[in-house]
Amino acid sequence: MEETNSKSIASLALGILSIFIPFVGLIFGIIGIILSSKSMKEIDQTSEKGKGLAISGKICSIVGICVQILLVLLIVLSIASFSFFTNSGSN
């Protein structure tokens, strides 16, 4: 019986966490992409199960990174606009 590649399971878990955990999710997403790439190479060499998990982990990691970047941009823009409107109102 073939076993499922453990790196593909970890990449899926990190990909899901990267979507929902703010700021640290960016690091989780990067690690998830690296793990999913390594697991897909291992799966091709050893013919283990888990290729779908690795692909899903990579997709979730990419989505998580995009969400985290948008979150950081939103926070930076909101701080910049708040300081702009606060300074323009005092004149």
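**A tour in three stops: Asn5, Ser11 and the cysteines**

Select Asn5 and, setting aside its neighbours within four places in sequence, you will find this residue in contact (heavy atoms within 4.5 Å) with Ser39, Glu42, Ile43, Glu48 and Lys49. What you have open is a predicted model, in which local features need pLDDT of at least 70 and side-chain atom pairs count only at pLDDT 80 or more, while totals for chains, interfaces and linings use all residues. Residues are numbered from 1 along each chain as its sequence is written, and side-chain values use heavy atoms, with hydrogens and water left out.

Asn5 lies in the segment before H1, and at 2% relative accessibility it counts as buried (under 20% relative accessible area, with exposed over 50% and partly exposed in between, for a 1.4 Å probe and protein chains only). Its side chain reaches the backbone nitrogen of Lys7 at 2.8 Å.

Next, select Ser11, which lies in helix H1, residues 6-20 (helices are DSSP runs of H or I, at least four residues, numbered from the N terminus). Ser11 is buried, with a relative accessible area of 0%, and, leaving aside neighbours within four places in sequence, its contacts are Gly32, Leu35, Ser36, Leu53, Ala54, Gly57 and Ser61.

Finally, select Cys60 and Cys66. How many disulfides (pairs of cysteine sulfur atoms within 2.5 Å) are there? The count comes to zero, and for Cys60 this is because the closest cysteine sulfur, in Cys66, is 12 Å away, too far for a bond. Cys60 counts as buried at 19% relative accessibility, whereas Cys66 counts as partly exposed at 43%.

Methods:
Helices (H or I, at least four residues) and strands (E, at least two) are DSSP runs, numbered from the N terminus. A disulfide is a pair of cysteine sulfur atoms within 2.5 Å. A polar contact is a pair of N or O atoms within 3.5 Å; within protein, one must be able to donate a hydrogen and the other to accept it, and residues adjacent in sequence count only if both atoms are side-chain atoms.
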